Amino acid sequence: MNKAIFSAAILAATGFGHAAVAQDCNWVPERPVSVIVPWGAGGTTDANARQLATALQERFGVPFNVVNRTGGNGVTGHTAISRARPDGYTIGAATVEIDTMHWFGLTDLTYEDITPIALMNMPAAGVIVNADSPFESLTELLDYARENPGELTASGTALGGIWHLALAGMLEAEGMDPQAIRWVPSQGSASALQELLAHGVDMVTPSLEEGKSLIDSGEVRALAYMSDTPSEAFPDVPLTADELDSGWTLAAFTSISGPKDLPENITCSYEAALEEIVASDRWTEFRASLGAPVVWGDAAQLRSVMEAYDESLGATIEAIGMKKND
């Protein structure tokens, strides 16, 4: 399944004002809530989670405390979300890695071990280089890598993270060795971008929104956007769907999810609250500041996304030779 096309279909199907109104969604927290982020501070996942935590705190009148639980390519944080007491006092920003970690043999944890609440973001990967990079296009970069395998380096997340899969999958789809561009692991996009600025790597592959401030300042350049739909913030950045023979695309996702077996009344209470937050002008302005569109999917739509991505990313991981034998 083409991930970008699937993403577009989900976005087109979403809207506001349809949260589970027929259910008992009147649960409210009475003490502080922990919001677990499986990735480091400074990245887009963290920024979105903190903005949502502030809005939820204002809505419910109790603290929502963001806790960054990094490590294990997302295993640490996602495990903490899954295994928390299902009482509503721990939720988290479960990301697309919930659909990749088990394929690598890092954990037995899958999307079935958490409770989906709401889809909050679906950013496509990008290809970003330094302002003084000799490469003016993705085609030039790939041609060089094809002729000089292993010489170029890239980063964006841990080995096997979604931005690594974006690169390795693109190389494989283009008939190249998935390791033709060597991956340098990082704790996330923020640290990878700093490594790029320091000329420690030749390119990074996070979403364009994660590199927005550096792109706007001219310190880095975006060579491509791994989508079939232009970026709202950078509409002139070439699309891989057009530039590559394979038409390769890849988008990630970020959710708000809860522990396994979270009761329905708590789930729908959070779902309804998040839907109101996402429909607000304040959230729209925040997302615009990131150069990102507003994204919304209810609990059922999120579960469909997680299920489809688990299958499609498993196929990608197998194609690049990183799937752990059953």
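## A buried disulfide and a helix to look at

Cys25 and Cys268 are both buried. They are a good place to start in this predicted model, since a disulfide joins Cys25 to Cys268. Below you will also find notes on confidence and on helix H2.

**The disulfide**
- The structure holds one disulfide, and the S to S distance between Cys25 and Cys268 is 2.3 Å.
- The torsion about the S-S bond of Cys25 and Cys268 is about -125°, so this disulfide is left-handed.
- The pair ties together distant parts of the chain, 243 residues apart: Cys25 sits in the loop between helix H1 (3–13) and strand E1 (33–37), while Cys268 belongs to helix H9 (residues 264–278).
- As a reminder, a disulfide is a covalent bond between the sulfur atoms of two cysteines.

**Helix H2**
- Helix H2 covers residues 44–60, 17 residues in total.
- At 1.5 Å a residue H2 should span 24 Å, and its end C-alpha atoms are 24 Å apart, so the two values agree.
- Buried residues in H2 include Thr44, Thr45, Asp46, Asn48 and Ala49, and also Leu52, Ala53, Ala55, Leu56 and Phe60.
- Right after H2 comes Gly61, with a positive phi near 80°.

**How far to trust the coordinates**
- The average pLDDT of the protein is 91, and 92% of the residues score at least 70.
- Residues 1–22 have a pLDDT below 50, although this stretch has 50 contacts in the model beyond near neighbours in sequence.
- Where pLDDT is low, the predicted coordinates should not be read in detail.

Terms used
Residues numbered from 1 in each chain as written. Predicted model: local features only at pLDDT ≥ 70, side-chain atom pairs only at ≥ 80, totals over all residues. Heavy atoms only, no water. pLDDT = per-residue confidence, 0-100. Contact = heavy atoms within 4.5 Å. Disulfide = S-S within 2.5 Å. Helix = DSSP H or I, 4+ residues; strand = E, 2+ residues; numbered from the N terminus. Buried < 20%, exposed > 50% of the residue type's maximum accessible area, 1.4 Å probe, protein only. Expected span 1.5 Å × (residues − 1).
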